[in-house]
Structure formats: structure tokens, C-alpha cells
Amino acid sequence: MAQFKYLNDVNSFVAMDGEITKGPAPRWQKKLDLSAASASFNNSALANNSTRQKLSISFTGNGNNANNTLQSTVGFSLKTPRKNGGKNAASSAKKSGQTPLKASGQLPAGGDRFIPNRTTTDFELSHYIVKQGKEDDAENEDGAPSDTASAAGSPKHSGRVMNLSEALGNCDLGNKRVLSYQAKPPPPPEGYVNPLKVVYSVKTPMSTKSGSRYIPNAPERILDAPEIMNDYYLNLMDWSGDNVVAVALGPSVYLWNAATGTIEMLFENDGNDHTCSLSWIHEGHILAVGTSAGTVELWDCETIKRLRVMNGHSARVGVLAWNSFVLCSGSRDGTIVNHDVRTRQHNIAVLQGHTQEVCGLKWSPDGKYLASGGNDNIVNVWSAANGAPHATTEPLHVFNQHQAAIRALAWCPWQPHILASGGGTADRCIKFWNIASGQLLSSVDTKSQVCGLLFSKTYKELISAHGYVNNQLTIWKYPSMTKQVDLMGHTGRVLQISMSPDGSTVMSAGADETLRLWNCFAPDPLLAKKEKMAVREKPSLLKQSIR
């Protein structure tokens with residue numbers, strides 16, 4: 001029998017025609033079985049409406065408005081039934097019942113969703129009702145302590161409150177709010193500048209509109225100045241309009257070109273003589289040199305040649321000041337001599353207003369007044385003689401409010417009648433005088449010796465050089481005299497300061513034998529751009545004549 005079964009299997013395998021009895025069912029048969037199963041599943045769902053959930057979907061057919069309803073149970077569903085099955089299911093669904101909204105006859109006006117209208121909503125009333133409900137719930141509790149109350153009375157919470165009170169300066173937390181946004185914070189102390197302000201002002205680092213601006217705290221360049229004399233009464237440095245710095249080091253005088261960086265020795269004194277003062281003419285390359293022998297020399301720095309020697313003092317000449325072609329020299333003998341450098345008889349006037357050494361001289365920007373400061377703690381103001389560039393022999397004003405020698409003098413460039421003077425170690429004050437009325441306007445105690453004063457036209461500020469204790473340069477906002485910044489770096493007192501021709505850089509000479517360049521008055525590039533755009537081109541005469 002086994003062999004016959006084997007032969008039947010071989011014959012069925014080899015046969016090419018006939019019906020296939022084994023193998024997977026064809027695709028049409030699978031679809032037919034699935035449609036039959038779906039129809040039976042839908043019929044069972046309609047029979048059990050009480051335990052099943054209906055999902056109704058309405059759609060429009062081909063041009064007719066008949067609503068076909070598809071019902072399925074919640075859960076896993078089979079594939080979409082065939083058309084015949086779908087139609088039967090839809091017709092049976094119509095017969096069984098309608099959708100809940102249609103059955104009740106109540107249709108919402110805006111659809112089946114609630115969309116609130118915020119313009120008609122009273123949020124304050126809603127918040128009050130919610131808050132009132134919470135309070136009522138808390139009152140309706142049966143007296144059991146809440147979690148927050150129990151936590152507030154715990155030892156851990158008490159210790160935390162105690163530590164917080166100690167950290168806040170032993171204040172009562174029950175009567176004080178730790179975080180309060182109602183009152184403004186206290187203002188910073190006067191003169192305080194936030195060092196991190198530059199981090200938040202990268203685009204405009206030097207804006208004059210804001211209360212403070214970015215000022216570099218470090219010098220841009222440091223030069224060696226060996227053998228510079230540490231003498232408060234001497235003026236051993238000056239910066240010319242041609243951007244050349246003259247400085248006296250020991251017995252020699254050197255010229256440093258700030259544009260090219262070249263250094264050249266002008267001359268060297270013989271014997272024990274040394275230079276006591278230097279001053280450039282306002283326009284040109286003539287340098288005036290005051291010596292320890294009481295003479296004043298004029299040097300042509302282009303040809304490196306001495307032009308003339310002028311006498312008139314019996315002691316060293318510690319300070320010089322130019323006004324056009326007149327050179328004023330102050331000496332330890334207490335006199336001020338006016339030299340007309342054009343004539344052979346150069347001595348045109350001698351001013352005797354000080355009883356001790358004259359250590360400060362400065363002409364006003366308009367050339368109408370000469371201010372002199374001396375070791376006798378007196379500031380004299382001399383007026384020009386009948387419009388001439390030399391001063392009269394009698395002082396116009398005598399100010400004696402300082403308590404020490406006055407070496408630092410500066411005239412305000414935009415207010416020619418305002419004079420600033422700084423006193424020595426026993427005084428330490430910067431005073432402002434109104435020359436028109438002869439009155440003292442204000443006085444500021446700087447807490448240290450004042451060695452030099454300069455006004456900045458770019459930012460309308462004042463920079464002062466100081467000695468003991470900090471040996472710093474201080475920038476003040478004028479006229480409020482609010483301290484902007486202290487420039488530290490010198491290890492010895494600052495002997496003298498001088499400003500570059502463009503007014504952006506200040507050079508300080510210190511007793512530590514260094515010359516430091518501070519780029520503290522660099523113009524704001526944005527402000528300069530605005531001013532350049534504001535300047536209109538002047539129309540030519542040719543364009544004006546064409547009509």
C-alpha cells in the first residue's frame with residue numbers, strides 16, 4: 001500500500017494540468033473569506049448594541065445626499081469591507097438608529113467644541129472664585145494641620161530661618177521681604193564704576209551719552225626714563241604740536257618721535273649744570289630750555305642747533321610758558337620774566353608777585369590771562385598788557401586759599417575764564433576759579449598730592465596726576481567732579497603729565513623712571529562718524545550762480 005501511495009504522490013507532482021489541491025490559497029479566495037468574515041462581524045455588532053460603542057461617520061456619495069453610516073466596535077478592527085458589505089452595514093445602521101445629536105434634536109450653533117471668547121471673560125472674577133473655593137476647602141477641613149504648617153514648625157525649618165536671618169544681617173524675616181520688587185535698589189557710592197560694564201557695551205565701548213565710558217586701565221606703552229630728576233618743582237617733559245616729546249634725563253635732553261618711535265639726543269649739559277624745564281613753541285620746532293644756571297635757551301630741533309641764550313634770573317628756571325612770540329619764565333628767585341624772542345633786548349617785563357619759587361605757569365587759551373603758582377601757596381592771575389602777548393606787572397587776582405605749593409595749573413578750553421589749580425601734599429585739593437568775578441567756584445579733596453592737571457575737550461573731563469599714597473592718575477567728569485577711574489601703574493609719584501596734539505593720549509613721567517602713555521581720551525568712532533555725516537558740503541560759487 002505504501003508503494004501505491006508513493007506512486008500517487010509522484011503522479012500528482014508531475015501532472016501539469018488539473019486542480020491544485022495543496023499549497024497556499026489564491027488571492028481571490030483570501031479576499032472572499034475576509035469579506036465574509038467582515039460581514040458576519042458587522043452583523044454580530046448590530047445584534048449587541050447595548051454592549052458595543054458606535055462610531056458614526058457621515059459622508060456624501062456620488063452626487064446624492066444620502067448619509068451612509070459605518071459602525072464598528074471599539075478595539076481592533078479588520079480591513080475595510082467590500083462595497084456590498086458596506087452598503088448592507090450602512091442600511092442596517094439607518095434602520096437600527098440615528099446619531100446621538102440627531103436623536104436628541106439639539107445641535108450646537110458653533111459645532112461640537114467649546115471655544116472660549118477671551119474678550120468677554122472676566123479673569124479677575126474667575127481668579128477670585130477659584131481662590132475663594134480653595135479657602136472654603138481649607139476651612140471645611142476637620143482641623144487637621146496641613147503639611148506646610150507642620151513643615152514650618154519643624155526644627156529643620158526653624159534652623160533654616162535662623163541661618164537666613166543671620167545671612168541677611170539679623171533682620172526679622174516676619175516683617176521684611178527677602179525679595180522685594182517694589183522699592184528701587186540703593187544707588188552705588190559716588191564715583192563707583194562697574195568694571196564689567198564693558199562686557200555689556202561691546203558695540204559702543206566709548207559712548208559719551210551714557211554716564212560712564214570705557215577707559216583702558218593699563219598704559220598703551222611704557223618707555224624707560226633713566227636718571228629723570230625726582231623734583232616736584234621742575235617741568236622736565238613737553239609734547240609738541242609736531243608729535244615730538246622732549247624729556248630731560250640727567251644732564252641730557254632727548255627727543256622721541258611718537259609717530260615713528262625714533263629717539264634722538266638734542267644736547268648734553270656740561271659740568272654740574274642740568275635742565276630744569278622744557279616747553280615747545282605752539283607752532284614750530286623751537287624748544288625753550290630752562291637751566292639750573294638761571295638762563296633760558298632756544299633750540300632748533302630740526303637742525304639740532306642752539307639759537308640763543310637769554311638771561312634774566314639769578315636762580316634756576318623751573319617753569320616756562322609760551323604765548324605767541326613771548327616766552328615767560330619762572331624762577332626760584334620768585335620772579336617771572338617776559339622774553340620777546342624776536343628782539344635783541346628780549347627782557348620786556350618782570351613780574352614780582354611771589355616770595356618763593358615759581359613752579360607753575362600757564363597762559364589761557366585766548367591769550368588774555370597768565371596764571372602763576374608758587375611755593376608760597378599763592379595763585380596769581382596776570383592780565384595781558386593792552387592786548388599784547390605779555391603780562392602786566394601787577395596781578396589781576398591773588399588767590400591764597402591753598403595750603404601748599406601750587407604747581408598744577410590748567411585752563412578750561414571751552415570756558416576760557418575758568419582756572420583749575422592743584423595743591424601739594426599739605427593741601428591735596430583741586431580748586432576752580434572764576435577769573436571774570438575772582439570767586440572760588442568749588443574745591444575737591446583728592447586725598448593725595450596734586451602734581452599735574454589737564455582738560456580734555458573730547459569728553460569735557462579733567463585728568464589729574466598725583467603723588468603719595470597711590471601715585472595714580474585720576475579722571476574726573478567736569479564740572480560735577482565725579483571720579484571716573486583711577487589709572488594705576490606708577491610705583492613712584494607722577495612728576496608731570498602732557499597731552500598729545502590730537503588730545504587722545506596722555507603721557508605721564510614718574511619718579512619710578514618710566515614714561516607711560518595712556519590712551520584714555522580716544523574719540524568715540526560712532527560719534528565721530530555721526531559728526532562727519534552731519535557736516536554738509538559747502539556749495540560752490542559756481543553752483544550758486546547757475547540758475
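A salt bridge here is a side-chain nitrogen of Lys or Arg within 4 Å of a carboxyl oxygen of Asp or Glu. Keep that cut-off handy for the exercises below, and remember that the model is predicted.

**Exercise 1. A pair with two environments**

Work out what joins the side chains of Glu-297 and Arg-306, and say whether each residue is buried or exposed, or something in between.

Solution. Start with the distance: N to O comes to 3.4 Å for Glu-297 and Arg-306. The limit is 4 Å, and the two side chains do meet in a salt bridge. Next, accessibility. Buried means under 20% relative accessible area, and exposed means over 50%. Glu-297 has 8% relative accessibility, so Glu-297 counts as buried. Arg-306 has 45%, so Arg-306 falls in the partly exposed class.

**Exercise 2. Bridging two strands**

Find the partner of Lys-477 in a salt bridge, then place both residues in their strands.

Solution. The partner is Glu-461, with the closest N and O atoms 3.7 Å apart. Lys-477 belongs to strand E24 (residues 473–477) and Glu-461 to strand E23 (residues 461–466), so this pair ties together parts that are 16 residues apart in sequence. Now run the accessibility check again: Lys-477, at 26%, is partly exposed, whereas Glu-461, at 1%, is buried.

**Exercise 3. The rest of the charged pairs**

How many salt bridges does the structure hold, and which residues are joined into one network?

Solution. The count is ten salt bridges. One of them links the side chains of Asp-512 and Arg-516 at 3.8 Å, N to O, and both Asp-512 and Arg-516 are buried. As for the network, salt bridges with shared partners connect Asp-231, Arg-316, Arg-332 and Glu-357.

**Exercise 4. Two hairpins in a row**

Trace the pairing from E3 through E4 to E5, and pick out a glycine with positive phi in each hairpin.

Solution. Take E3 (residues 244–249) and E4 (residues 252–257) to begin with: they pair in the antiparallel sense over six bridges. For register, Val-245 sits opposite Trp-256 in E4. This hairpin has two residues between its strands, and Gly-250 takes a positive phi near 65°.

Then move on to E4 and E5 (residues 263–268), antiparallel again, over five bridges. Here Tyr-254 faces Met-265 in E5. Five residues separate the strands of this hairpin, and Gly-261 in the turn has a positive phi of about 85°.

**Exercise 5. An open sheet**

In what order do the four strands of the open sheet run, and which strands stand at the edges?

Solution. The order is E10-E11-E12-E13, with antiparallel pairing. E10 (317–323) and E13 (347–351) are the edge strands; each has a single partner strand, so one side of each is left without a neighbour in the sheet. From one strand to the next, the twist averages 20°. Inside the sheet, E11 (residues 326–331) and E12 (residues 336–340) pair over five bridges, with Gly-330 opposite Ile-336 in E12.

**Exercise 6. Cysteines and a record**

How many disulfides turn up in the whole structure, and are Cys-276 and Cys-301 buried or exposed? Which residues does UniProt list for "repeat: WD"?

Solution. A search of the whole structure gives zero disulfides. Cys-276 is buried, at a relative accessible area of 0%, and Cys-301 is buried too, at 10%. For the repeat, the unreviewed UniProt entry lists residues 351–392 and 487–519. Over residues 487–519, the end C-alpha atoms lie 11 Å apart, and the span is 0% helix and 52% strand.

Notes:
Residues are numbered from 1 along each chain as its sequence is written. This is a predicted model: local features need pLDDT of at least 70, side-chain atom pairs count only at pLDDT 80 or more; totals for chains, interfaces and linings use all residues. Side-chain values use heavy atoms; hydrogens and water are left out. Two strands pair if DSSP finds at least two bridges between them. A disulfide is a pair of cysteine sulfur atoms within 2.5 Å. Buried means under 20% relative accessible area, exposed over 50%, partly exposed in between (1.4 Å probe, protein chains only). UniProt positions are given in the numbering used here, feature names are shortened, and annotations may be inferred rather than shown by experiment. Axes are lines fitted to C-alpha atoms, for helices over the stretch in contact, and angles run from 0 to 180 degrees between N-to-C directions.
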